[in-house]
Each structure stands twice: as structure tokens, then as C-alpha cells.
Amino acid sequence: MLAAWERAAGSCAGSRAAKPAPAALSSLPSPPAADPRPRGRRGGARWSAGGAARRRGLAAAAATASGGWRRAAMGTAAVHLLLLLGLLNAGPGGEGRKGWRRRGPAARERGEAAAAAESFPLDFTAVEGNMDSFMAQVKSLAQSLYPCSAQALPHDLRLHLLHNASVTCNDGSPAGYYLKESKGSRRWLLFLEGGWYCFNRENCDTRYDTMRRLMSSREWPATRVGTGILSSQPEENPHWWNANMVFIPYCSSDVWSGASSKSEKNEYAFMGALIIQEVIKELVEKGLGTAKVLLLAGSSAGGTGVLLNVDRVAEQLEEMGYPGIQVRGLADSGWFLDNKQYRRTDCIDTITCAPTEAIRRGIRYWNGIVPERCKLQFKEGEEWNCFFGYKIYPTLRCPVFVVQWLFDEAQLTVDNVHLTGQPVQEGQWLYIQNLGRELRNTLKDVTASFAPACLSHEIITRNHWTDIQVKGTSLPRALHCWDRSLHESNKNGKAPLKGCPIHLIDSCPWPHCNPSCPTIRDQFTGQEMNVIQFLMHMGFDVQKMAQQQGLEPSKLLGMLSSGN
């Protein structure tokens with residue numbers, strides 16, 4: 001890690017060569033002793049009598065001294081950094097400190113020489129409980145040591161196409177993944193992209209014509225910049241910024257469940273489940289095998305893909321000889337309901353087809369596979385039930401954190417509630433409220449959840465994901481509490497930590513009754529709307545609703561404005 005900062009500093013400095021990190025305190029230059037003479041009389045006669053050459057020589061000496069002081073300051077910061085990193089070796093029980101005391105001068109010299117000659121991996125296990133604070137200090141020291149290094153470090157995820165060319169996207173082009181390694185970190189975050197699905201030849205052809213990026217890798221860019229939980233900036237991603245980041249593009253159109261290749265009979269390949277397995281195989285060779293935690297995350301169809309694949313990933317790693325890796329899931333906006341549509345329509349395309357019917361058809365078309373434990377809960381031919389969160393969740397072995405908007409736009413779309421900017425009818429309004437109640441009920445037994453009463457879709461890769469709160473707790477904070485609770489429970493068998501909530505579900509009954517919800521804009525004017533304007537825009541009847549709640553209209557409006 002230190003070597004990477006040095007390289008970054010060297011490239012940032014332009015023509016300056018990268019300076020090696022100071023190896024020991026004895027090698028640091030000392031600042032010159034202070035001259036006891038008054039400032040005005042220090043060699044004044046020589047200044048007036050000296051020639052141009054002498055002045056140039058003195059100026060060069062002054063520059064050398066100034067450079068020495070700067071190197072000394074940088075060296076001091078380096079020593080502070082190395083001392084801080086030294087805490088990593090002093091784990092529970094003070095084993096690192098005991099080992100240092102036992103070492104004699106000769107052993108210390110040999111150790112220092114070895115440290116100067118080679119890099120070393122960092123083990124973050126000893127500071128797992130306070131990782132955020134530790135890494136913030138490391139970054140601060142690194143920036144003081146090499147001020148430009150933080151900007152120069154590469155933050156892009158780079159594309160890697162799979163070596164196994166038989167595992168492909170829909171059109172037969174190679175599947176792949178984007179990777180940003182974080183040397184020294186034992187945490188890996190794998191993100192499954194979302195983007196609906198197609199379930200027959202006709203709507204897959206349409207999808208290929210209009211959304212080819214979601215069916216082919218031929219035009220994928222060489223790099224991507226991570227945002228939200230994939231960001232490398234602590235300000236945007238306070239808990240996971242230093243993890244090894246993997247973004248797996250969605251190009252299988254099968255909710256990450258398919259296992260069929262392209263052939264003369266099949267115009268398209270559907271290999272979502274196999275793509276995940278192949279990515280895991282390649283990442284093990286790139287350091288995943290030494291991981292402590294693997295978080296499989298995803299949004300929308302990727303969120304459902306997490307529920308379908310998280311146990312399978314854990315089983316795969318165990319079979320490969322890595323049973324110690326803690327596999328967890330983070331499902332964002334993939335907890336769909338198989339409820340009755342507001343207005344039933346024929347199953348013509350992806351948007352209008354009821355989700356139950358679309359998945360029924362899709363699972364046959366994709367040769368989709370579901371976890372065995374869930375499959376055993378249903379009759380043969382009814383495996384489609386496992387695509388719905390509240391049905392598969394009780395069968396999962398790996399811990400999963402569920403993030404779900406109570407009024408999810410994608411759910412409303414497949415339920416044929418289309419918010420076109422016109423005031424909604426009373427039946428639609430009641431349907432929307434009931435949807436929030438139903439979704440809230442399905443989450444009551446989910447150990448770790450974050451469900452704001454907002455009208456939106458997807459969140460964890462958005463730049464504003466840190467702004468949303470439920471009951472005063474942000475999503476990054478809730479994930480951090482969940483991480484800590486799992487660490488503590490594995491360690492001591494304790495219950496979740498006090499003051500660190502992980503079951504957060506809004507109780508207010510209307511869309512956007514939570515004041516931290518994402519901004520809503522009028523579809524025609526583009527102007528931002530507050531909660532009251534939004535509800536009025538949707539045809540919300542204040543008088544009638546106040547009467548139903550037994551409140552004065554003015555009090556109801558006040559409650560809505562404050563988000564109560």
C-alpha cells in the first residue's frame with residue numbers, strides 16, 4: 001500500500017523521481033543548528049562582498065537544507081504511518097508487542113533490512129472493530145506524506161473478460177467483470193448489475209435492439225468508475241471504500257439464474273448463474289482465496305440475483321477449499337411481491353406482464369436454476385416462487401441485508417400503476433398505500449433490513465445513498481452496524497449491539513412521508529416538489545385523509561411536512 005502511494009506521488013510530481021520511503025530514523029537528515037547571531041548580522045559583510053558565483057552557491061545550499069527539512073517532515077509522517085501500521089501486528093493479547101521485546105539489536109537490524117527490501121501484506125484483522133477510524137487515519141497520513149497521492153491513485157474498475165469463453169452473454173460474446181483490487185484488504189464486494197429481463201424470443205429481440213449493452217459485451221468500456229457502495233472515496237462510501245471492488249455487468253437477461261448456452265435451437269444464451277460461478281473461480285486466483293468477508297450485492301434484478309446465488313457462492317468456495325470466507329448478501333430493490341396487479345393485462349411484454357407469469361415463462365426459457373433448499377419447499381414446476389424474496393429468504397443459510405423502498409417504482413410498474421403526472425384515481429391511491437403495508441409485513445421477520453417509505457428504485461450505487469435515513473439512521477450506518485453485529489456474534493455469540501440498529505422500516509403510510517427521500521421532480525416542469533406538493537399532485541385528499549385519521553387537516557399537513 002505504501003509503495004503504491006510512493007508510485008502515485010512520483011507520477012503526480014511530473015519529472016521528479018519517486019522518493020523511497022525512509023527506512024529508519026537514523027537516515028533522516030537533521031535541520032541545521034540555529035545560528036545564535038542576530039538576524040541582521042549573520043554574515044552580512046560576506047553577502048555584500050561576495051560575487052554572483054558565491055550567491056548561487058549559498059542559494060543552492062539553502063535549497064538543499066530546505067529540501068532536507070521537507071524530507072525530514074515527510075520522513076516523520078512516514079514513521080508515524082509505519083508506527084500506526086505496526087499496531088496491526090499487536091492483535092489481541094499483545095502478541096506483537098511481546099515479540100518485539102524479545103528481539104535483540106541484531107534481530108531488529110535484520111528485520112529492518114528485510115522490511116526495507118521487500119513489501120509486506122497488511123492484516124486488518126486486529127482493527128476490524130474500528131476499521132473506519134483506522135483507515136481514515138492511514139489516508140490522512142498518506143496525504144500528508146504525499147499530498148497528491150490520493151488523487152493519483154487509480155479509482156477505476158478495469159474490465160476483465162472471462163478466460164472461459166464458453167460462458168457468455170446472451171449474444172455469445174464473452175461475459176466478464178470489472179475489478180479494482182485493494183492490496184492488503186481482506187474484504188471483497190461483488191456487485192450484480194440489474195436491468196429487468198426478457199422471457200421469450202420476441203421480447204428478447206426487442207431488448208437486443210434497444211438495450212444491447214444488457215445482452216452483449218461487445219461495446220463495454222475498458223473501465224468504470226464506482227459510485228455509492230462501489231466508490232473508493234471514504235466521503236461517499238464510509239465503510240467499504242477500501243474493499244476489493246468487483247462489478248459484474250448484467251448481460252444474461254435471466255435475473256442471474258440461467259444455465260443454458262447459445263445453440264442452433266437457442267438463439268440466445270442465458271448463463272447468469274454460470275457467469276457468477278466463473279467470476280468466483282477467476283477471483284480466487286486474484287486474491288479472493290485470502291478473503292475474510294465476501295459481500296455479494298446487487299440492485300433490482302441483481303438484488304433478486306443475490307437471493308438466488310448467495311448460498312451457492314458460499315457452497316462453491318467451500319468446495320474449492322475456502323470454508324473460512326464469510327459470505328453475505330446485500331439485496332437492493334430486488335424484494336418483489338407476487339401480488340395481484342392493479343389492472344390485469346395480457347402478458348405481452350416485460351412491462352405489462354404480471355411478475356408471476358413472466359418468471360414462470362422465463363425460468364423455462366432460461367433453463368433457470370434456484371437454490372435446492374428453496375426448490376424443495378414447492379412442487380415440481382413451481383420453482384418460480386423462489387424468485388420472490390419473502391419466499392426464498394427463510395431458506396437461506398447466509399446472512400442477507402435487505403434494502404427495499406416501500407413504494408418501489410418497478411413494483412408499481414409491473415402492477416400497472418403508472419404515475420404519468422396526472423392525479424391518481426382513488427383506487428390507485430388505495431392500491432399504493434396497500435402495497436406499502438404488504439411489503440412492510442413481508443419484512444417484519446427479516447433480521448437486517450432498511451425500508452424507507454419512498455417512491456424510488458435502487459439506491460446502493462447512487463451518489464446520494466448516504467443521505468437516506470430511516471428513524472435517524474443512514475443506510476451506510478445500518479450496514480456498518482450489521483457488519484459489526486455479525487463480527488460480534490461470530491466472535492462471542494452476542495446479540496446485536498445496542499444503539500446500532502439493523503432492522504429499520506418506516507411506519508408512515510404514504511409515499512415520500514420520509515423527509516430524507518430522494519427529490520421528486522414534476523415530470524412536465526422539472527421543478528422539485530416537497531412532500532405535500534407531491535401528494536397533492538397525486539390527487540391526495542387532505543380533508544378526507546384527515547377525517548380517516550381523526551385529525552385536523554392542518555395537523556395532518558404539519559405531520560407530513562415534518563415526516564411524522
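Start by selecting Ser-299, which sits in strand β6. Is Ser-299 buried or exposed? Its relative accessibility is 2%, so Ser-299 counts as buried. Keep in mind as you click around that this is a predicted model.

Show everything that touches Ser-299. Leaving out residues up to four places away in sequence, you should find Phe-191, Leu-192, Glu-193, Gly-194, Asp-332, Glu-458 and Ile-460.

**One step along: Ser-300**

Now move to Ser-300, in the loop between β6 and α10. Check the backbone here: phi of Ser-300 is near 60 degrees, a positive value in a residue other than glycine. Ser-300 has 7% relative accessibility and therefore counts as buried.

**Helix α10**

Next, select residues 301-319, which make up helix α10. How far apart are its end C-alpha atoms? They are 27 Å apart, in agreement with the 27 Å that 19 residues should span at 1.5 Å a residue. Look along the helix for a kink of about 45 degrees, centred on Asn-309. Colour α10 by burial and you'll see that the helix is mostly covered, with 15 of its 19 residues buried.

**Leaving the helix**

Carry on to Met-320, in the loop between α10 and β7. With a relative accessibility of 34%, Met-320 counts as partly exposed. Its contacts, apart from neighbours within four places in sequence, are Ile-280, Lys-281 and Val-284. Try a distance label too: the C-alpha atoms of Met-320 and Gly-289 are separated by 9.2 Å, and these two residues are 31 apart along the chain. Gly-321, just after α10, takes a positive phi of about 100 degrees.

**Strands β6 and β7**

Select residues 293-299 for β6 and residues 326-332 for β7. In which sense do β6 and β7 pair? They are parallel, and 7 bridges link them. Two places to zoom in on: Leu-294 stands opposite Val-327 of β7, and Leu-295 has Arg-328 of β7 as its bridge partner. β7 is mostly covered, since 6 of its 7 residues are buried.

**The whole sheet**

Zoom out to the open sheet that holds these strands. It has 10 strands with mixed pairing, in the order β4-β1-β2-β5-β3-β6-β7-β8-β10-β14. Find its edges at β4 (223-225) and β14 (503-505), each of which pairs on one side only. On average, neighbouring strands of this sheet are turned by 20 degrees against each other, direction ignored.

**Strand β2 and its partners**

Within the sheet, pick out β2, residues 176-180. How many of the residues of β2 are buried? The count is 5 of the 5, so β2 is largely enclosed by the rest of the structure. Turn on the side chains and look at both faces: Gly-176, Tyr-178 and Lys-180 lie on one side, Tyr-177 and Leu-179 on the other, and all of them are buried.

Add β1 (residues 156-161), which pairs with β2 in the antiparallel sense over 4 bridges. One of the spots to inspect is Leu-161, whose bridge partner in β2 is Gly-176. Then add β5 (residues 244-248), which also runs antiparallel to β2 and is joined to it by 3 bridges. There, look for Tyr-178 opposite Phe-247 of β5.

**Two more stops**

Jump to Asn-367, in the loop between α11 (355-366) and α12 (372-375). Phi of Asn-367 is near 55 degrees, a positive value in a residue other than glycine. Asn-367 has a relative accessible area of 43%, so it is partly exposed.

Then select helix α15, residues 426-442. Its 17 residues reach 25 Å from first C-alpha to last, close to the 24 Å expected at 1.5 Å a residue. Buried residues of α15 include Trp-429, Tyr-431, Ile-432, Leu-435 and Leu-439. Gln-428, Gln-433 and Arg-440 are among the buried ones as well.

**The full chain**

Finally, show everything. The protein chain has 19 helices and 16 strands, and buried residues make up 49% of its 564 residues. The chain exposes about 27,700 Å², with carbon and sulfur atoms supplying 52% of that area. Of the contacts between residues at least 6 apart in sequence, 74% join residues at least 24 apart.

Notes. Residues are numbered from 1 along each chain as its sequence is written. This is a predicted model: local features need pLDDT of at least 70, side-chain atom pairs count only at pLDDT 80 or more; totals for chains, interfaces and linings use all residues. Side-chain values use heavy atoms; hydrogens and water are left out. The expected span of a helix is 1.5 Å times one less than its number of residues. The bend at a residue is the angle between axes fitted to the seven residues ending there and the seven starting there. Buried means under 20% relative accessible area, exposed over 50%, partly exposed in between (1.4 Å probe, protein chains only). Two strands pair if DSSP finds at least two bridges between them. Axes are lines fitted to C-alpha atoms, for helices over the stretch in contact, and angles run from 0 to 180 degrees between N-to-C directions. Contact means heavy atoms within 4.5 Å. Accessible areas come from the Shrake-Rupley method with a 1.4 Å probe; for residues, only the protein chains shown count as cover.
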